[in-house]
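Reader: I'm new to this structure and would like a close look at a single part of it. Could you pick one helix and walk me through what surrounds it?

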Amino acid sequence: MMVTVKNLEQSKVQWDVTFMSSRKTLPIEELHFKIGQNVKKYREEKGFTQLDLSHEIGHSTTTIISLAEIGKRKHFNIQQLYQISIALDVNICQFFELDA
């Protein structure tokens with residue numbers, strides 16, 4: 001996987017995300033949304049509630065999990081993604097899958 005930043009004008013950041021031999025370019029908001037959807041998918045597969053996962057990463061409420069999963073004004077930072085990957089026992093790269 002390779003991620004590069006393009007078009008840094010007026011906060012309209014685009015990310016080039018290369019997975020194996022496919023290449024997709026999407027706005028950063030869409031990447032955040034896809035990451036949130038992937039976290040939700042793996043969280044549900046592992047039988048975690050949003051509150052369970054929040055507690056696992058050191059939060060007392062579900063706010064960050066719920067808002068990041070639906071893409072509303074919040075997104076996960078790299079530390080949170082790392083902690084979530086450990087809690088769910090998944091490779092952090094799985095959160096960046098675009099076709100999952």
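**A close look at helix H1**

Author: Let's start with the whole thing. The protein has four helices and three strands, and along the sequence they come in the order β-β-β-α-α-α-α. Keep in mind that this is a predicted model. Of the 100 residues in the protein, 34% are buried. The accessible surface is about 6,300 Å², and carbon and sulfur atoms account for 51% of that. If you look at contacts with a separation of 6 or more, 44% of them are between residues 24 or more positions apart.

Now for the part you asked about. Helix H1 covers residues 28–45, and a good place to step in is Arg43. How buried or exposed is Arg43? Its relative accessibility is 6%, and because buried means under 20%, Arg43 counts as buried.

Arg43 has two salt bridges to show you. One is with Glu69, where the side chains meet at 2.7 Å, N to O. Arg43 sits in H1 and Glu69 in helix H3 (residues 63–70), so this pair ties together parts that are 26 residues apart in sequence. Glu69 is buried, just as Arg43 is. The other salt bridge joins the side chains of Arg43 and Glu44, at 3.9 Å, N to O. Glu44 has a relative accessible area of 48%, so Glu44 is partly exposed. The protein's count comes to two salt bridges. Through shared partners, salt bridges join Arg43, Glu44 and Glu69 into one network.

That link to H3 is a nice cue to look at how the two helices sit together. H1 and H3 pack with their axes 6 Å apart, at an angle of about 120°, so they are oblique to each other. The crossing, as H1 passes H3, is left-handed. Which residues make the contact? From H1 they are His32, Phe33, Gly36, Gln37, Val39, Lys40 and Arg43. From H3 they are Ile65, Ala68, Glu69 and Ile70. Notice that the salt-bridge partners Arg43 and Glu69 both turn up in this contact.

H1 has another helix to deal with, namely H4 (residues 78–88). Here the angle is about 20° and the axes are 10 Å apart, so H1 and H4 are roughly parallel to each other. H1 passes H4 in a left-handed crossing. On the H1 side, the contact is made by Ile35, Val39, Tyr42 and Arg43. On the H4 side, it is made by Leu81, Ile84 and Leu88. Val39 and Arg43 are worth finding on screen: they are among the H1 residues that touch H3, and they are also among those that touch H4.

One last stop in H1 is Asn38, which has its place in this helix. With a relative accessibility of 2%, Asn38 counts as buried. How far is the C-alpha atom of Asn38 from that of Leu98? The two are 60 residues apart along the chain, yet their C-alpha atoms are separated by 8.8 Å.

So here is a short route for your own tour. Begin at Arg43 and follow its salt bridge to Glu69 in H3, then its salt bridge to Glu44. Move on to Val39, one of the H1 residues in the contact with H4, and finish at buried Asn38.

Terms used:
Residues are numbered from 1 along each chain as its sequence is written. This is a predicted model: local features need pLDDT of at least 70, side-chain atom pairs count only at pLDDT 80 or more; totals for chains, interfaces and linings use all residues. Side-chain values use heavy atoms; hydrogens and water are left out. Buried means under 20% relative accessible area, exposed over 50%, partly exposed in between (1.4 Å probe, protein chains only). Contact means heavy atoms within 4.5 Å. Accessible areas come from the Shrake-Rupley method with a 1.4 Å probe; for residues, only the protein chains shown count as cover. A salt bridge is a side-chain nitrogen of Lys or Arg within 4 Å of a carboxyl oxygen of Asp or Glu. Axes are lines fitted to C-alpha atoms, for helices over the stretch in contact, and angles run from 0 to 180 degrees between N-to-C directions. Angles under 35 degrees count as roughly parallel, over 145 as roughly antiparallel, 65 to 115 as roughly perpendicular and the rest as oblique. A crossing is left-handed if the near helix is turned anticlockwise from the far one by less than a right angle, and right-handed if clockwise.
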